[in-house]
Amino acid sequence: MPSSTIRRQMKNMVNNYSDAEKKVREATSNDPWGPSSSLMSEIADLTYNVVAFSEIMSMIWKRLNDHGKNWRHVYKALTLLDYLIKTGSERVALQCKENIFAIQTLKDFQYVDRDGKDQGINVREKSKQLVVLLKDEERLKGESSQMGFGRGSSQPNLSTSYSEEYGRSDGSPASYHGYSPLAATSAPPLASPSGGGHIPRPPDCHLNPPAGIIEAVALILIWGGQQVPSDMGKEVM
């Protein structure tokens with residue numbers, strides 16, 4: 001397993017990311033290959049869930065705000081957005097239209113790697129293509145039909161781990177700044193084995209624990225005693 005994947009899995013555990021957020025992080029990683037169509041399809045299905053939609057869009061806007069050597073985060077986020085606009089919930093296109101300026105600004109994205117290659121051009125061209133698509137309603141409808149999906153059609157809830165009552169911001173660019181995973185909602189009290197009332201649940205110990213403890217646990221779970229890579233302290237992909 002690549003070290004970048006291991007680091008990403010650790011960060012997922014430490015930050016308690018949801019299933020939808022993990023999928024977006026994987027699809028928009030710094031790995032030197034594009035997101036798979038099967039993974040993007042799973043994410044598109046999740047956009048029909050109100051809570052998952054918010055989580056997905058929040059993570060995408062966060063990725064679009066990246067820069068420099070993390071240009072792949074930005075490029076892949078644009079690629080994922082393009083796919084979701086055509087195959088996911090119509091709310092994806094609606095939110096992108098409402099925040100089209102955040103996409104337009106990427107036409108000036110700049111990054112030249114250590115070999116002197118202009119990697120920023122990938123982001124600039126993709127952002128221009130996406131803006132053109134968002135401004136052409138007829139093309140939007142046509143491409144959605146070609147993909148075999150009915151925009152706005154009813155979709156089943158594909159993830160039982162999501163609850164419609166679980167709240168979060170709407171996922172727009174204005175709401176992802178200062179973004180942090182929400183604390184888990186309170187669970188109902190446990191029934192007493194003797195039938196004499198309820199046993200109160202202990203406080204949720206996983207909320208804001210010392211980072212060192214969780215990282216240590218994550219290391220044990222993932223490596224099982226293997227040597228920790230020397231680049232462990234680098235930014236997680």
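Analyst: A residue is buried when its relative accessible area is under 20%. By that cut-off, 41% of the 237 residues of the chain count as buried. The model is predicted.

User: What does the chain consist of in terms of helices and strands?

Analyst: The chain has 11 helices and two strands. Along the sequence they follow the pattern α-α-α-α-α-α-α-α-α-α-β-β-α, so the two strands come after ten helices and before a last helix.

User: How much surface does the chain expose, and what share of it comes from carbon and sulfur atoms?

Analyst: About 13100 Å² is exposed, and carbon and sulfur atoms supply 53% of that area.

User: What share of the contacts with a separation of 6 or more joins residues 24 or more positions apart?

Analyst: That share is 69%.

User: Why is Ala-93 called buried or exposed?

Analyst: The relative accessible area of Ala-93 is 2%. The cut-off for buried is under 20%, so Ala-93 is buried. Ala-93 is part of helix α6. Its C-alpha lies 7.1 Å from that of Leu-134, although the two residues are 41 apart in sequence.

User: Which class does Ser-89 fall into, and what makes it so?

Analyst: Ser-89 has 5% relative accessibility, which is under 20%, so Ser-89 counts as buried. Ser-89 sits in the loop between α5 and α6. Beyond its neighbours within four places in sequence, Ser-89 is in contact with Thr-47, Tyr-48 and Leu-84.

User: Why is Asn-16 called partly exposed?

Analyst: Its relative accessible area is 44%. Buried needs a value under 20% and exposed one over 50%; 44% meets neither condition, so Asn-16 is partly exposed. Asn-16 belongs to the loop between α1 (3–14) and α2 (19–27). Asn-16 is not a glycine, yet it has a positive phi of about 55°.

User: How do you know which class Lys-107 belongs to?

Analyst: The relative accessible area of Lys-107 is 41%. That value is neither under 20% nor over 50%, so Lys-107 is partly exposed. Lys-107 is in the loop between α7 and α8. Not counting residues up to four places away in sequence, Lys-107 touches Arg-124, Ser-127 and Lys-128. The C-alpha atoms of Lys-107 and Lys-128 are 6.2 Å apart, with the two positions 21 residues apart in sequence numbering.

User: What does Tyr-111 contact, leaving aside its neighbours within four places in sequence?

Analyst: Tyr-111, in the loop between α7 (100–104) and α8, is in contact with Gly-68, Lys-69, Trp-71, Lys-117, Asp-118, Gln-119 and Gly-120. Its C-alpha is 9.2 Å from that of Asn-70, which is 41 residues away along the chain.

User: Why is α4 called oblique to α6?

Analyst: The axes of α4 (residues 50–64) and α6 (residues 90–98) come within 11 Å and cross at roughly 40°. That angle is not under 35 degrees, not over 145 and not from 65 to 115, so α4 is oblique to α6. The crossing is right-handed. From α4, Val-50, Phe-53, Met-57 and Trp-61 meet Arg-91, Val-92, Gln-95 and Cys-96 of α6. The contact has six nonpolar, one polar and one charged residues.

User: What makes α5 roughly parallel to α8?

Analyst: Helix α5 (residues 71–87) and helix α8 (residues 120–134) pack at about 20°, their axes being 9 Å apart. Angles under 35 degrees count as roughly parallel, and so α5 is roughly parallel to α8. The crossing of α5 and α8 is left-handed. Among the residues that meet are Trp-71, Val-74 and Leu-78 in α5 and Val-123, Leu-130 and Leu-134 in α8. By class, this contact holds 10 nonpolar, three polar and three charged residues.

User: How is the packing of α3 and α5 classed, and why?

Analyst: Helix α3 (residues 37–46) packs against α5 at an angle of about 55°, with 10 Å between the axes. An angle of 55° lies outside the ranges for roughly parallel, perpendicular and antiparallel, so α3 is oblique to α5. Their crossing is right-handed. Ser-37, Met-40, Ser-41, Ile-43 and Ala-44 in α3 meet Thr-79, Leu-80, Tyr-83, Leu-84 and Thr-87 in α5. These residues divide into six nonpolar, four polar and no charged.

Key: Residues are numbered from 1 along each chain as its sequence is written. This is a predicted model: local features need pLDDT of at least 70, side-chain atom pairs count only at pLDDT 80 or more; totals for chains, interfaces and linings use all residues. Side-chain values use heavy atoms; hydrogens and water are left out. Axes are lines fitted to C-alpha atoms, for helices over the stretch in contact, and angles run from 0 to 180 degrees between N-to-C directions. Helices (H or I, at least four residues) and strands (E, at least two) are DSSP runs, numbered from the N terminus. A crossing is left-handed if the near helix is turned anticlockwise from the far one by less than a right angle, and right-handed if clockwise. Contact means heavy atoms within 4.5 Å. Ala, Val, Leu, Ile, Met, Phe, Trp, Tyr, Cys and Pro count as nonpolar, Asp, Glu, Lys and Arg as charged, and the others, Gly among them, as polar. Buried means under 20% relative accessible area, exposed over 50%, partly exposed in between (1.4 Å probe, protein chains only). Accessible areas come from the Shrake-Rupley method with a 1.4 Å probe; for residues, only the protein chains shown count as cover.
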